[in-house]
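Open the model in your viewer and keep the selection panel at hand. This tour goes stop by stop.

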Amino acid sequence: MLTIKCADLAHCIRPFAVAEPWEDLIQQEFFAQGDLERQLGLPIGPCNDRETVNIPNSQVFFYNHLARPLFDTAAQMLPEVRDAWIGTLDANVAIWAARAKQRSQSPSQREAASERKRGDSGSDGADDHQDSDLDDDPSMPVAQRIARLSRQSSGSSSRDSLIEFTVT
């Protein structure tokens with residue numbers, strides 16, 4: 001049962017550029033369910049209300065309270081993968097936490113932080129979105145984006161690495 005749950009949540013231990021499209025898909029599903037609940041006059045589930053859900057905060061909660069305990073437990077049986085799994089999970093949480101923090105700031109605070117970042121890094125801001133390549137073509141079908149990003153993150157030219165990662 002643990003192995004099946006790990007496979008179900010494996011996106012959490014994949015690089016952010018691979019994990020994010022999967023998380024977008026599940027959130028779209030939750031929102032569609034919430035829309036239907038609203039239409040039918042039913043109570044709307046806490047993750048399903050597109051008008052109130054703060055996606056970055058929701059993801060931080062999910063990673064910390066569901067994914068982390070699951071993968072910590074699995075890693076006890078497979079200690080050789082612990083550092084890779086938990087390291088990637090931690091990196092993904094850090095990106096979501098940064099997005100949550102940015103979302104909680106006023107527009108003027110965000111602009112000031114952006115200016116400081118450009119000043120600190122000497123960057124002109126052109127590379128400020130390195131945590132995800134999804135912004136380059138949002139019209140691309142999600143499955144195609146996932147396959148492309150999986151190849152990019154693994155350096156492979158086939159889907160085999162994504163399948164192998166999930167199976168092994």
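Which residue follows α2, and what is the sign of its phi? Select Gly-41: this glycine comes after α2, and its phi is positive, near 75°. Keep in mind throughout that the model is predicted.

**The whole chain**

Zoom out and colour by secondary structure. The protein has seven helices and zero strands. Along the sequence the pattern reads α-α-α-α-α-α-α. Now colour by accessibility. Of the 168 residues in the protein, 32% are buried. Switch on the surface: the accessible area is about 10,500 Å², and carbon and sulfur atoms account for 56% of that area. As for contacts between residues at least 6 apart in sequence, 58% of them join residues at least 24 apart.

**Helix α2**

Select residues 16-39. This is helix α2, with 24 residues. Put a distance between its end C-alpha atoms: they are 34 Å apart, in agreement with the 34 Å that 1.5 Å a residue should give.

Next, show the buried side of the list. Phe-16, Ala-17, Val-18, Ala-19, Glu-20 and Pro-21 are among the buried residues of α2. Further along, Glu-23, Gln-27, Phe-31, Gly-34 and Glu-37 are buried too. A reminder for reading such lists: an α-helix has 3.6 residues a turn, so residues three or four places apart point the same way.

Now select Leu-36, also in helix α2. Leu-36 has a relative accessible area of 45%, so this leucine counts as partly exposed. Add Leu-40 and Leu-42 to the selection. Together with Leu-36 they make a nonpolar patch on the surface, with about 300 Å² of accessible area between them.

**The loop after α2**

Select Asn-48. This asparagine sits in the loop between α2 and α3. Is Asn-48 buried or exposed? Asn-48 is buried, at a relative accessible area of 7%.

Show what surrounds Asn-48. Beyond the neighbours within four places in sequence, its contacts are Phe-30, Phe-31, Gln-33, Gly-34, Glu-37 and Val-53. Pick out Glu-37 from that group. A polar contact of 3.4 Å links the side chains of Glu-37 and Asn-48. Their C-alpha atoms are 8.7 Å apart, with the two residues eleven places from each other along the chain. Glu-37 is itself one of the buried residues of α2.

**Salt bridges**

How many salt bridges does the structure hold? It holds seven. Side chains of opposite charge can pair when their charged atoms come close. Three of the pairs are visited here.

Start with Arg-99 and Glu-20. Their side chains form a salt bridge at 2.5 Å, N to O. Arg-99 belongs to helix α4 and Glu-20 to helix α2, so the pair ties together parts that are 79 residues apart in sequence. Compare their exposure. Arg-99 is partly exposed at 23% relative accessibility, whereas Glu-20 is buried at 8%.

Move to Glu-51 and Arg-38. The closest N and O atoms of this salt bridge are 3.8 Å apart. Glu-51 lies in the loop between α2 and α3, while Arg-38 is in helix α2, so parts 13 residues apart in sequence are tied together. Glu-51 is exposed, at 63% relative accessibility. Arg-38 is partly exposed, at 34%.

Then select Arg-68 and Asp-90. Here the side chains meet in a salt bridge of 2.3 Å, N to O. Arg-68 lies in helix α3 and Asp-90 in helix α4, so this pair ties together parts 22 residues apart in sequence. Asp-90 is partly exposed, with a relative accessible area of 35%. Now return to Arg-38 and Glu-51 and add Asp-49: salt bridges with shared partners join Arg-38, Asp-49 and Glu-51 into one network.

**Helix α4 and Gln-59**

Select residues 79-104, which make up helix α4. α4 has 26 residues and runs 37 Å from first C-alpha to last, close to the 38 Å expected at 1.5 Å a residue. Show its buried residues: Trp-85, Ile-86, Leu-89, Asn-92, Val-93, Ile-95, Trp-96 and Ala-100.

Keep Trp-96 on screen and add Gln-59, in helix α3. Gln-59 is buried, with a relative accessible area of 6%. Which residues does Gln-59 contact, leaving aside its neighbours within four places in sequence? The contacts are Glu-23 and Trp-96. Glu-23 is among the buried residues of α2, and Trp-96 is among those of α4. End the tour with these three side chains in view.

Terms used
Residues numbered from 1 in each chain as written. Predicted model: local features only at pLDDT ≥ 70, side-chain atom pairs only at ≥ 80, totals over all residues. Heavy atoms only, no water. Helix = DSSP H or I, 4+ residues; strand = E, 2+ residues; numbered from the N terminus. Expected span 1.5 Å × (residues − 1). Buried < 20%, exposed > 50% of the residue type's maximum accessible area, 1.4 Å probe, protein only. Patch = residues over 30% accessible without salt bridge, like charges linked within 9 Å, V, L, I, M, F, W, Y side chains within 5 Å. Areas by Shrake-Rupley, 256 points an atom, 1.4 Å probe, with all protein chains shown as cover. Salt bridge = Lys/Arg side-chain N within 4 Å of Asp/Glu carboxyl O. Contact = heavy atoms within 4.5 Å. Polar contact = N/O pair within 3.5 Å; in protein donor to acceptor, adjacent residues only side chain to side chain.
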